[in-house]
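The following paragraphs lead the reader through one protein chain, moving outward from a central pair of strands. Please keep the sequence and the model in view while reading.

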Amino acid sequence: MSKYGTAMVKNGRYKISGDFHRISPHTTIRDADNYNRLVGITKPGEITHIHSYGSEAVFFEGLGKKIIYGTRCDNPECESQGTVYLPFRIHCPDCLNKNSVVELTDLCRKHARIHTFMVCERAGAFNVLKEPVKFIDVEIEGVSTILMSYLSYGEPEIGMRIIPIFKTIDPGCSILDLSWVPADTYEENIPQGFGF
Ligand SMILES: [Zn+2]
């Protein structure tokens, strides 16, 4: 049983159990150079957020099954009909109709390149990626948007052909389940728990 709050859906409703707000005893802050004068107190506390995926859930569920889903506007009245989106966009930004879900895995395997990249030597709070983090903007032929992700092996270069890898062992169902490596990477060089 998790020490944090957990949630499930039953009969169309969220059922939550456990603590979603946890407080710990505070401590005083004192000025060591000034007779230990009282300056303030710390306020420790933890919050567990419920982050609902809504219609994007299919995308996050797909990653653990090595499937990349994007969306496409299929509205014949829309000027942007046929436009393909990845990241997954529920609605077309032009006509606001609900997009169709389309599988883009094969396209990502054959036609993805690094559009640009950024190497981050020191990440901020709550980072779980190995530093330096190699953030990449992924450009996929036939897709109108750029996907932001991270390179798990090798050094990024603009225009480099890359292929997706997926966390299939204990997937966390978050965007971190999807990563990329240079197209000629051997299986032994990809992170544990990931597969092509
Ligand atoms: Zn549209």
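Strand 11 and strand 12 are paired in the antiparallel sense, with five bridges between them. Within this pairing, Val138 faces Leu147 of strand 12. The two strands form a hairpin with six residues between them, and in this hairpin Gly142 adopts a positive phi near 90°. The model described here is a predicted one.

On its other pairing, strand 11 is joined to strand 10 by eight bridges, and these two strands also run antiparallel. Cys120 is placed opposite Val133 of strand 11. The side chains of strand 11 alternate along its length. Lys134, Ile136, Val138 and Ile140 point to one face and are buried, whereas Val133, Phe135, Asp137 and Glu139 point to the other face and are not buried.

Val138 belongs to the buried face of strand 11. Which residues does Val138 touch, not counting those up to four places away in sequence? They are Ala112, Ile114, His115, Ile146, Leu147, Ser149, Ile162 and Trp180. Val138 is also one of the residues that touch the most other members of the largest nonpolar core, together with Leu86, Ile140, Ile162 and Trp180; this core has 23 residues. Two or more residues of the core are given by each of helix 1 (57-63), strand 10, strand 11, strand 12 (147-151), strand 13 and strand 14.

Strand 13 (residues 161-167) has five buried residues out of seven, and it is therefore largely enclosed by the rest of the structure. Its pairings can be taken in turn. With strand 10, strand 13 pairs in the antiparallel sense over two bridges, and Ala112 lies opposite Ile162 of strand 13. With strand 14 (residues 178-182), strand 13 runs antiparallel and is joined by five bridges; here Pro164 stands opposite Trp180. With strand 15 (residues 194-195), the arrangement is again antiparallel, over two bridges, and Lys167 has Phe194 of strand 15 as its bridge partner.

Another sheet is formed by three strands in the order 8-7-9; this sheet is open and its pairing is antiparallel. Strand 8 (84-85) and strand 9 (100-103) stand at the edges with a single partner strand each, so one side of each has no neighbour in the sheet. Strand 7 (residues 69-72) pairs with strand 8 over two bridges in the antiparallel sense, and Arg72 is found opposite Val84 of strand 8. In the loop between strand 8 and strand 9 lies Pro87, and the peptide bond leading from Leu86 to Pro87 is cis, with omega near 10°.

The loop between strand 10 (112-120) and strand 11 (133-140) holds several residues worth locating, among them Leu129. Is Leu129 buried, partly exposed or exposed? Leu129 counts as partly exposed because it has 14 C-beta neighbours inside 10 Å, a number between the limits of 12 or fewer for exposed and 20 or more for buried. Apart from neighbours within four places in sequence, Leu129 is in contact with Ala123 and Tyr150. Its C-alpha atom is separated by 33 Å from that of Ile29, which is 100 residues away along the chain.

Phe126 is found in this loop between strand 10 and strand 11 as well. Although it is not a glycine, Phe126 has a positive phi of about 70°, and it counts as exposed because 5 C-beta neighbours lie inside 10 Å. Pro132, also in the loop between strand 10 and strand 11, follows a cis peptide bond from Glu131, with omega near -5°. A positive phi occurs too at Asn11, about 50°, and Asn11 is not a glycine. Asn11 is placed in the loop between strand 1 (6-10) and strand 2 (13-17) and is exposed, with 5 other C-beta atoms within 10 Å.

The chain may finally be viewed as a whole. It contains two helices and 15 strands, and is divided into domain 1 (6-47) and domain 2 (54-195). The C-alpha centres of the two domains lie 35 Å apart. The radius of gyration of the chain is 22 Å, whereas a compact globule of 196 residues would have one near 16 Å. The C-alpha atoms fill a box of roughly 70 × 45 × 35 Å along the principal axes. Buried residues account for 18% of the 196 residues. Of the contacts between residues at least 6 apart in sequence, 48% join residues at least 24 apart.

How values were computed:
Residues numbered from 1 in each chain as written. Predicted model: local features only at pLDDT ≥ 70, side-chain atom pairs only at ≥ 80, totals over all residues. Helix = DSSP H or I, 4+ residues; strand = E, 2+ residues; numbered from the N terminus. Contact = placed C-beta atoms within 7 Å. Pairing = 2+ DSSP bridges. Rg over C-alpha atoms; globule rule 2.2 N^0.38 Å. Domains from an automatic or database assignment. Core = buried A, V, L, I, M, F, W, Y, C linked by C-beta atoms within 7 Å.
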